[in-house]
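Colleague: Hi! I'm new to this one, could you walk me through it?
Modeller: Happy to, let's have a look together.

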Amino acid sequence: MTGNTRHGGAWLRRFHPAPDAGVRLVCFPHAGGSATFYLPVSRMLSPSIEVVPVQYPGRQERRGEPCVSDIGELADRVVEELLSLNTKPLALFGHSMGAVVAYEVARRLESKEIKPLRLFVSGRRAPSRTRGGRVRQRDDNGLIDELKELSGTDSQILDDPDMLRMILPAVRSDYKAVESYRHTPGPRLDCPVVALTGDDDPQVTLDEATAWSEHTVGGFALKVYEGGHFYLNSHTAAVLEVISAGIAEPSMTGPPASDR
């Protein structure tokens, strides 16, 4: 049986129920993205891994709810939902803005003595590396230009005025959240971190991706793929192999590893 099944309240989805899976993979979308971005991940990893994408408010079936434009609040709400689920080892995967939300969720979980198996951060510079960003202040045409440049939004949506009117409020709110985010110093993560990035991503340099190593004592690896900000759309199988292998490994030790 497959379907858009709610799992853990309004915030979590389970497209392919996998009650016998030994591991839960929680997936966090990019700015303007939704849980359905991870439908292919769920299809390919289930039933061995229970894939649980996060659905932020303000989009799809939650579009009638106010958007949340603060990374900390998003993380707090997701942690509340995760704590309500049955106990199962979990890993976290986030792309772009989702990587920051996943990182803050990992920090909160570890403060409660819940250590994720892995934190996978994709298409995002380390929290300690900041850039000036004002995409949220652009008019609607400016937001659309940004979406086109990053090539992560279906062209059918970009060419449909009605669809654009539905998604732009969430896009603007998400950019406000990620552009206003500032890292709060604190203990480094205990869980291993795997950073994934495209070699031609205008949002992330290799140095900025490598800087994720500064945020964990649990081991670090860097995976670099050919492509831009949404490199993963062209390297889905390779990315899923990294996720599956990372979840299967009990630990990461030694110096940071790079796979370019």
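**Salt bridges, strands and rings**

Modeller: Let's start with two charged residues: Arg 14 is buried, and so is Glu 50. Keep in mind that this is a predicted model.

Colleague: OK, what does Arg 14 form with Glu 50?
Modeller: Arg 14 and Glu 50 form a salt bridge, with their closest N and O atoms 3.4 Å apart. Arg 14 is in strand β2 and Glu 50 in strand β4, so the pair ties together parts 36 residues apart in sequence.

Colleague: Which other residue forms a salt bridge with Glu 50?
Modeller: Arg 24 does, and there the closest N and O atoms are 2.7 Å apart. Since Glu 50 lies in strand β4 and Arg 24 in strand β3, this pair ties together parts that are 26 residues apart in sequence. Glu 50 and Arg 24 are both buried.

Colleague: Which residues are linked in a network of salt bridges?
Modeller: The network links Arg 14, Arg 24, Glu 50 and Lys 88. For the model as a whole, the count comes to eleven salt bridges.

Colleague: Could you show me one with Glu 61?
Modeller: Sure. Glu 61 forms a salt bridge with Arg 13, and the closest N and O atoms are 2.2 Å apart. Glu 61 is in the loop between β4 and α2, while Arg 13 is in strand β2, so parts 48 residues apart in sequence are tied together.

Colleague: And is Arg 13 buried or exposed?
Modeller: Arg 13 is buried, with a relative accessible area of 1%. Glu 61 has 35% relative accessibility, so Glu 61 counts as partly exposed.

Colleague: Switching to strands: how many residues of β7 are buried?
Modeller: Six of its six residues, so strand β7 (residues 193–198) is mostly covered. Val 193, Ala 195 and Thr 197 point one way from β7, and Val 194, Leu 196 and Gly 198 point the other way.

Colleague: Why do they switch sides like that?
Modeller: In a regular strand the side chains alternate between the two faces of the sheet.

Colleague: What does β7 pair with?
Modeller: β7 pairs with β6 in the parallel sense over four bridges, and with β8, also in the parallel sense, over six bridges. As examples, Leu 119 has Val 193 in β7 as its bridge partner, and Gly 198 stands opposite Tyr 225 in β8.

Colleague: Now the nonpolar core. Which residues touch the most other members?
Modeller: In the largest nonpolar core, which has 52 residues, they are Phe 28, Leu 92, Val 105, Leu 119 and Trp 212. Helix α3 (residues 97–111) gives the most to this core, with nine residues. Apart from it lies another core of 22 residues, including Leu 25 and Val 41.

Colleague: What about aromatic rings, how many pairs does the count come to?
Modeller: The count comes to six aromatic pairs. In one, Phe 37 and Phe 230 have ring centres 6.2 Å apart and planes at 75 degrees, so the pair is edge-to-face. The two are 193 residues apart, and the pair links distant parts of the chain.

Colleague: Can I have one more pair?
Modeller: Tyr 38 and Phe 93 are also edge-to-face, at 6.0 Å centre to centre and 80 degrees between the planes. Tyr 38 is buried, with a relative accessible area of 1%, and Phe 93 is buried at 3%. Ring pairs link Phe 37, Tyr 38, Phe 93, Phe 120 and Phe 230 into a cluster.

Conventions:
Residues numbered from 1 in each chain as written. Predicted model: local features only at pLDDT ≥ 70, side-chain atom pairs only at ≥ 80, totals over all residues. Heavy atoms only, no water. Phe/Tyr/Trp six-rings, centres within 6.5 Å; stacked < 30°, edge-to-face > 60°. Buried < 20%, exposed > 50% of the residue type's maximum accessible area, 1.4 Å probe, protein only. Pairing = 2+ DSSP bridges. Core = buried A, V, L, I, M, F, W, Y, C linked by side-chain atoms within 4.5 Å. Salt bridge = Lys/Arg side-chain N within 4 Å of Asp/Glu carboxyl O.
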